[in-house]
Amino acid sequence: MSLFKTILNTIPRPLLIKASYLVRPIIAFFLKGDKFTDPIDGKSFRKFLPYGYGKQRENALSPSTLSLERHRLMWLFLNDETNFFTSTKKLKTLHIAPEQCFLDIFRKQKNLDYITSDLESPIADVKADICDLPFKENEFDVVFCNHVLEHIPDDTKAMQELFRVLKKGGFGIFQIPQDLSRTTTFEDDSITDKQERARIFGQYDHVRVYGQDYFDKLRAIGFTVDEIDYTKKIAPEKLERFCLMQGEILPVCYKK
């Protein structure tokens, strides 16, 4: 477990992404089993990998798709509650900081006009700053931006850009690490030590810990926000088999 923690905290993210394409098939082969299943690709394993920059979570990272709990939850929601996979109308979709577990699948979907964007990711189509996106107003039917805003000093500007490029009638999912025991979001620019940042913010490159007010901040930008605890709709045995995090909230945002 300490090896995974060391790797996460010392190797830059772009290099981790590149290396994972080589290592993933080997790990998946050695962990084959039938205790846990990744709903994204349907493959099963005797265990998932631990994950976390600080305290590590057991059975968090799928060996096959490299999905985490939040990715598997979003996949189930999109599949069961939306027309994202079945729409007969082509959905123009923007994916900020695209996750590997979704990338190839979404690219192959014939009902999507799929564009990815990030400032540093080696797998993104368009290199761009989320605070200054090179896209037109009301351009996208769907926007995904997951576990990005906690890295952005001016998250208000980033949210405004997400709102600007989303079409009226479109929806977005903007997941963040969130401490629901906090009423208000906490940030402190004076904390610069990486270890101290990791201890307080959960990761060395995070700039805040979002509280319950995250949803209201999105509403202040103009979004209509549904705070969805989708784990309540999933049977307990599936929560365990899919290695989901009970009580995790999906912020599903609409532009009306």
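Start with who touches whom: of the contacts (heavy atoms within 4.5 Å) in the protein with a separation of 6 or more, 62% are between residues 24 or more positions apart. This is a predicted model, where local features need pLDDT of at least 70 and side-chain atom pairs count only at pLDDT 80 or more, while totals for chains, interfaces and linings use all residues. Residues are numbered from 1 along each chain as its sequence is written, and side-chain values use heavy atoms, with hydrogens and water left out.

Now for the overall build. The protein has 8 helices and 11 strands; these are DSSP runs numbered from the N terminus, with at least four residues for a helix (H or I) and at least two for a strand (E). Buried residues, meaning those under 20% relative accessible area with a 1.4 Å probe and protein chains only, make up 51% of the 256 residues.

Next, look for the open sheet. Its 7 strands run in the order β7-β6-β5-β8-β9-β11-β10, with mixed pairing; two strands pair if DSSP finds at least two bridges between them. At the edges you'll find β7 (126-127) and β10 (224-228), and since each has a single partner strand, one side of each is left without a neighbour in the sheet. The partnership of β7 with β6 (residues 112-118) is parallel and has 2 bridges. One place to spot it is Ser117, whose bridge partner in β7 is Val126.

Helices pack on this sheet too. Helix α4 (residues 100-108) touches β5 (91-96), β6 and β8 (140-145), and its direction makes about 145° with that of β6. Helix α5 (residues 155-165) lies across β5, β8 and β9 (166-173), at about 130° to β9. Those angles, on a scale from 0 to 180 degrees, are between N-to-C directions of lines fitted to C-alpha atoms, for helices over the stretch in contact.

So where does helix α3 sit? It is largely enclosed by the rest of the structure, because 10 of its 13 residues are buried. Among them are Arg70, Trp75 and Phe77. The cover over the buried residues of α3 includes β4 (57-61), α4, β8, β9, β10 and β11 (250-254).

Finally, check the cysteines. How many disulfides does the structure hold? The count is 0, where a disulfide is a pair of cysteine sulfur atoms within 2.5 Å. For Cys101, the nearest cysteine sulfur is that of Cys243, 14 Å away, which is too far for a bond. Cys101 is buried, with a relative accessible area of 4%, and Cys243 counts as buried at 7%.

Definitions and conventions:
Buried < 20%, exposed > 50% of the residue type's maximum accessible area, 1.4 Å probe, protein only.
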